[in-house]
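This report describes the cysteine pairings of one protein chain, followed by several further residues and one helix.

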Amino acid sequence: VRDGQEILLRARSLRHRDGHLGFGESGDILPDLDVWRYTGDINVQHNRPRVQKRPSRIAPRKMWDIRTRKRLAEVWLDEYKDFFYQISPPARAVEMGDISSRVELRKRLQCKSFRWFLETVYPEMEVPSRDYIAHGEIRNMGSKNRCIDNLGGWSPPARIGMYSCHGQGGSQYWQFDKRTNEIKQTQNAVNCLDAVSRDQIQIGGCHGQRGNQKWIMNARGEIKTPGGMCLGHDNTYLNVGPCDGAPQQRWQWGFVFQKPVD
């Protein structure tokens, strides 16, 4: 489930809308919802991913917006709500209010599970545990409080570097695609980590042809190019160079679904 991928599911009547929800910008993982998976006449509309420009640093999110996404996740996403919390850690501490009436409504309307939705209605939607090798922050093992960060560059050809790990997702949240071996920027999932040269690692539009956007992760925590160069950094920006086993060339992902091999 990726940020920017909108799923608008509307039933004939909106009289069941949750009166406790706020209506801010769409969340990092949660689809925009009006009424979700009622057993009845449902119109499903798939929109193209949205690219939204955001500040260079993570701006404080409105508490109401986080509360809205948390309520939706707890009522509708079933076991997939864990991915929401992985991408939006601050939501864990937010008070969401009473959701018992929404849970009861879902039962009364005999709504299907979110797994059913993914398998039946929208099988092409990316699911972290199925489609990614790893996701989350990418923390450097040589300076463990430093993470790969887009430094405010949400669009190509922004140069990618290092910044203090903040645990808020956003500019430090990445996906390692199992099918293409691309490292994707989660904000829109159409931009990838691109090794233009040894000293120029930037965001580029994902092209699916591998090459300078293909990465290989091994059990030592190294992230390599197809040519065997290791991803590292100069304390400010990323680079690639001959693998020397240095901690600056070893990385730890937030969540790993497929154990890498040498």
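A disulfide is here a pair of cysteine sulfur atoms within 2.5 Å. In chemical terms, a disulfide is a covalent bond between the sulfur atoms of two cysteines. The model under discussion is predicted, and the structure holds three disulfides.

**The disulfides**

| Pair | S to S distance |
|---|---|
| Cys147 and Cys165 | 2.0 Å |
| Cys192 and Cys206 | 2.0 Å |
| Cys230 and Cys243 | 2.0 Å |

When the bonded cysteines are numbered in sequence order, they pair as 1-2, 3-4, 5-6.

The S-S bond of Cys147 and Cys165 has a torsion of about 100°, and the disulfide is therefore right-handed. This pair links distant parts of the chain: Cys147 belongs to strand 4 (residues 146-149), while Cys165 sits in the loop between strand 5 (161-164) and strand 6 (174-177), 18 residues apart. Cys147 and Cys165 are both buried.

For Cys192 and Cys206, the value about the S-S bond is 100°, and the link is right-handed. Distant parts of the chain are again linked, with Cys192 in strand 8 (residues 191-197) and Cys206 in the loop between strand 9 (200-205) and strand 10 (216-217), 14 residues apart. Is each partner buried or partly exposed? Cys192 has a relative accessible area of 0% and is therefore buried. Cys206, by contrast, has a relative accessible area of 26% and is partly exposed, because the buried class ends under 20% and the exposed class begins over 50%.

The disulfide of Cys230 and Cys243 is right-handed because the torsion about its S-S bond is about 100°. Cys230 lies in strand 12 (residues 229-233) and Cys243 in the loop between strand 13 (238-242) and strand 14 (251-256), so this disulfide ties together parts 13 residues apart in sequence. Cys230 is buried, its relative accessible area being 0%, whereas Cys243 is partly exposed at 32%.

A further cysteine, Cys111, has a relative accessible area of 13% and is therefore buried.

**Two buried polar residues**

Where is Gln175 found? Gln175 is part of strand 6, and with a relative accessible area of 1% this residue is buried. The side chain of Gln175 makes a polar contact of 3.1 Å with the side chain of Tyr132.

Thr186 occupies the loop between strand 7 (183-185) and strand 8. At 4% relative accessibility, Thr186 also counts as buried. In sequence, Thr186 is 14 residues apart from Gln172, and in space the two are 8.7 Å apart from C-alpha to C-alpha.

**Helix 4**

Which residues of helix 4 (residues 114-121) are buried? They are Phe114, Phe117 and Leu118. Viewed down the axis of helix 4, these buried residues fall within an arc of 95°, so they line one face of the helix. An α-helix has 3.6 residues a turn, so residues three or four places apart point the same way.

**Summary**

The predicted model contains three disulfides, in the pairing order 1-2, 3-4, 5-6. Both cysteines are buried in the pair of Cys147 and Cys165. In the pair of Cys192 and Cys206, Cys192 is buried and Cys206 is partly exposed. In the pair of Cys230 and Cys243, Cys230 is buried and Cys243 is partly exposed.

Conventions
Residues numbered from 1 in each chain as written. Predicted model: local features only at pLDDT ≥ 70, side-chain atom pairs only at ≥ 80, totals over all residues. Heavy atoms only, no water. Helix = DSSP H or I, 4+ residues; strand = E, 2+ residues; numbered from the N terminus. Buried < 20%, exposed > 50% of the residue type's maximum accessible area, 1.4 Å probe, protein only. Polar contact = N/O pair within 3.5 Å; in protein donor to acceptor, adjacent residues only side chain to side chain. Arc of directions from axis to C-beta.
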